[in-house]
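Visitor: I should like to learn how the features of a structural model are read. Could you guide me through this one, beginning with its ligand?

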Amino acid sequence: MAQIALQNVSKLYGDATALQNVDLTFTNLVTTAVVGPSGSGKSTMLQLINGLVRPDQGQVFAFGKPIDYQHLPELRLQIGYAVQGIGLFPHLTVEANITLLARLARWDAERIKARTEELMTLVNLPLSYALRYPHELSGGEQQRVGLCRAMTLNPEIFLLDEPFGALDPITRNEIQREFLHLQGSEARTIILVTHDLREALKLAQRLVVLDRGCVVQHGTGAEILENPANGFIRSFFQSQLDP
Ligand code: ADP
């Protein structure tokens, strides 16, 4: 059973159509990148999947069931969500930021400590940083803390919205490598929104291409590169991949 699916979903903002009649089933336990020009509906799609936004038409499925909007907090504890710019809590230490969700889920102290150390080691953060505050870390290190926080409860579903944007190229490369390492060691269903096609091809097994609120193609990177569904995709890919 697919964990995440959209069935004939439309979302309007006033007169603007953010998503239109989207039918999409995401493949379990792989990374799917959602790509497309700015304003094509990528972020709206992620917000629909974690229930931040409700569809005007159609149904959104998470964990194989229609989202129950009466029980969103429970749903969100099961979904890792990392968004560029939604930063860490500045007045909480790194450790407190990472363990926030585990404390909400009432894990015992020993389990929290073990998981925190495991994750910090996984993303290459020195354990001595646990008691630092976010402003005492570089941008790349803060982003790693954000990834640890999103992963703490080991969610089966991970939604990432431009998680590596606003990083310098070297740090981005390093974090992308760690992402691949993490996905190799704890595979989960990941939806990655990115405007960077190279990043999508590097990190994701599957791609969804959006144009003006519609899904224009869904397949592996190779399938889409070899056989773009229309001229829009061909020129979108060319413009992004040609130096
Ligand atoms: P993308 O992530 O691909 O840049 P978005 O999903 O953010 O696209 O936006 C899709 C469309 O919906 C755009 O036209 C955008 O202006 C509009 N939109 C998104 N969120 C809102 C909002 N909260 N209020 C009004 N319009 C919005």
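Visitor: Which residues are around the ligand?

Guide: A residue is near a molecule if one of its heavy atoms lies within 4 Å of it. Around the ligand here are Tyr-13, Ala-18, Pro-37, Ser-38, Gly-39, Ser-40, Gly-41, Lys-42, Ser-43 and Thr-44. This is a predicted model, in which local features need pLDDT of at least 70 and side-chain atom pairs count only at pLDDT 80 or more, while totals for chains, interfaces and linings use all residues. Residues are numbered from 1 along each chain as its sequence is written, and side-chain values use heavy atoms, with hydrogens and water left out.

Visitor: How do the residues of this shell divide into nonpolar, polar and charged?

Guide: The convention takes Ala, Val, Leu, Ile, Met, Phe, Trp, Tyr, Cys and Pro as nonpolar, Asp, Glu, Lys and Arg as charged, and the others, Gly among them, as polar. The shell holds three nonpolar residues, six polar and one charged.

Visitor: Which element contributes the largest share of the shell?

Guide: Helices are DSSP runs (H or I, at least four residues), as are strands (E, at least two), and both are numbered from the N terminus. Helix 1 (residues 42–49) provides the largest share, three residues.

Visitor: Which atoms lie at short range from the oxygen atoms of the ligand?

Guide: A polar contact is a pair of N or O atoms within 3.5 Å; within protein, one must be able to donate a hydrogen and the other to accept it, and residues adjacent in sequence count only if both atoms are side-chain atoms. An N or O atom in the side chain of Lys-42 is 2.8 Å from a ligand oxygen. The backbone takes part through a polar atom of Ser-43, at 2.9 Å from an oxygen atom of the ligand, and through an N or O atom of Ser-40, at 3.1 Å. The ligand exposes 560 Å² when taken alone, and the protein buries 57% of that; such areas come from the Shrake-Rupley method with a 1.4 Å probe, and for residues only the protein chains shown count as cover.

Visitor: How many aromatic pairs are there?

Guide: Rings of Phe, Tyr and Trp (its six-membered ring) pair if their centres lie within 6.5 Å; planes under 30 degrees apart count as stacked, over 60 as edge-to-face and the rest as tilted. The count is two aromatic pairs. Phe-232 and Phe-236 form a stacked pair, 5.8 Å centre to centre with 10° between the planes. Both lie in helix 9 (residues 231–241), four residues apart, about one turn of the helix. Ring pairs link Phe-232, Phe-236 and Phe-237 into a cluster.

Visitor: Is Phe-236 buried or exposed?

Guide: Buried means under 20% relative accessible area, exposed over 50%, and partly exposed in between (1.4 Å probe, protein chains only). Phe-236 is buried because its relative accessibility is 9%, whereas Phe-232, at 22%, is partly exposed.

Visitor: Where do charged ends sit over rings?

Guide: A charge sits over a ring if NZ of Lys or CZ of Arg is within 6 Å of the ring centre and within 35 degrees of the ring normal. The charged end of Arg-111 is over the ring of Trp-107, 3.7 Å from its centre. For Arg-54, the charged end is over the ring of Tyr-69, 4.2 Å from its centre.

Visitor: What does the side chain of Gln-3 join?

Guide: Gln-3 lies in the segment before strand 1 (4–13) and counts as buried, at 11% relative accessibility. Its side chain has a polar contact of 2.4 Å with that of Thr-189.
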